[in-house]
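Subject: Structure for you to look at

Hello,

Please find the structure below, with its sequence. My notes on what was found follow it.

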Amino acid sequence: MAGEGDVKLLGTVVSPFAIRVRMALHLKGVSYEYLEQDLFDKGELLLDSNPVHKKVPVLIHVGRPICESLAIVEYVDEVWADGASLLPADPYGRAVARFWAAYIDDKLFPAWIGILRAATEEDRAEKLDAALAVVGPLEDALAQCSGGKDYFAGDSVGYLDIALGCNLFWFEALHEMFGVTVIDAGRTPRLAAWAERFVETEAAKKAAPLMKSMVDYAGKLRSMWAAAAAAAK
Ligand SMILES: N[C@@H](CCC(=O)N[C@@H](CS)C(=O)NCC(=O)O)C(=O)O
């Protein structure tokens, strides 16, 4: 197989970006060593492997680090080319998939982090409205990309499914912690049905973090943000 060689993944179990890469590796059937990182006390391997952003995930393939989850997913797709492709086969389909993946990371991720970060109920309600506005266009994107099939990639899970699907566990955590619903079946029924299907796939189940881990991690982040806000006053 073209992609043979030592594969390591630096991640944290709750990171949606690391989860995305784990899903890609699973879908491609790649064996790898998973190295959990403490983001509150970053180790040398992470700092040396991603000196620019100092973030997870980092994939280390035969000693060479690759950073940024979407770049890693594309790398995995190209290097382990024997299995079904994660990205669409045609250039237009690939361009559209990359457009929506960038939308998810640039718009949706900060939108749901805003819900997590909100310090008051009023602020949280505003942030939820903003997140729902960001989710809206993804309903049409799903229709366009899937051609009416079950997944963005058609009959099976692909690049955009994992680009968006890695966030779903945190939507469940936001629901658990604050009672908010980010993908609302009333507003975006197609997307809600897709989300229900996606979390039942093997790729999703294998990478799913425990609810307790997400809630604990969220608590640490919220304390850190509160302390930073208090210090800034
Ligand atoms: N655009 C990056 C985002 C990665 C990212 O934000 N990772 C977070 C964990 S979810 C991180 O490592 N944060 C540590 C920090 O900001 O210091 C990607 O797609 O890989």
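Val 62 is a convenient place to start: this residue is found in the loop between strand E3 and strand E4 (64–67). Before going further, please note that this is a predicted model.

The phi angle of Val 62 is near 40°, a positive value in a residue other than glycine. Most residues other than glycine have a negative phi. The strands on either side, E3 and E4, form a hairpin with two residues between them, and Val 62 is in the turn. Their pairing is antiparallel and extends over four bridges. Within that pairing, Leu 59 stands opposite Ile 66 of E4.

Just ahead of the hairpin is another backbone feature. Pro 57 is located in the loop between helix H2 (44–49) and strand E3 (58–61). The peptide bond joining Val 56 and Pro 57 is cis, with omega at about 5°. For comparison, most peptide bonds are trans.

Both of these residues also appear in the ligand site. Which residues surround the ligand? They are Ser 15, Phe 17, Leu 39, Lys 42, Lys 55, Val 56, Pro 57, Glu 68 and Ser 69. The polar distances are as follows:

- Lys 42: an N or O atom in its side chain is 2.4 Å from an oxygen atom of the ligand.
- Glu 68: a polar atom of its side chain lies 2.7 Å from a nitrogen atom of the ligand.
- Val 56: a polar atom of its backbone is 2.8 Å from a nitrogen atom of the ligand.

On its own the ligand has 510 Å² of accessible area, and the protein covers 76% of that. The space that the ligand takes is the largest pocket.

Towards the start of the chain there is a second pair of strands. Strand E1 (residues 7–11) and strand E2 (residues 33–36) run parallel and are joined by four bridges. Lys 8 has Glu 33 in E2 as its bridge partner. Between the two strands, the chain passes from E1 through helix H1 (residues 16–27) to E2, a β-α-β crossover that is right-handed.

The last item is Glu 200, in the loop between helix H8 (189–198) and helix H9 (202–207). The side chains of Glu 200 and Lys 205 are joined by a polar contact of 3.4 Å. How far apart are the C-alpha atoms of Glu 200 and Ser 69? They are separated by 22 Å, and the two residues are 131 residues apart along the chain. Ser 69 is one of the residues around the ligand.

If you open the model, I suggest looking at Val 56 and Pro 57, with their cis peptide bond, and then at the ligand, which they help to surround.

Regards

Conventions: Residues are numbered from 1 along each chain as its sequence is written. This is a predicted model: local features need pLDDT of at least 70, side-chain atom pairs count only at pLDDT 80 or more; totals for chains, interfaces and linings use all residues. Side-chain values use heavy atoms; hydrogens and water are left out. Two strands pair if DSSP finds at least two bridges between them. A crossover is right-handed if, with the strands pointing away from the viewer, the path from the first strand over the helix to the second runs clockwise. A residue is near a molecule or strand if one of its heavy atoms lies within 4 Å of it. A polar contact is a pair of N or O atoms within 3.5 Å; within protein, one must be able to donate a hydrogen and the other to accept it, and residues adjacent in sequence count only if both atoms are side-chain atoms. Accessible areas come from the Shrake-Rupley method with a 1.4 Å probe; for residues, only the protein chains shown count as cover. On a 1 Å grid over the protein atoms alone, a cavity is a set of points where a 1.4 Å probe fits but cannot get out, and a pocket is an open set with protein on both sides within 12 Å along at least five of seven lines; lining residues have an atom within 4 Å of a point. A molecule sits in a cavity or pocket if more than half of its atoms lie within 2 Å of its grid points.
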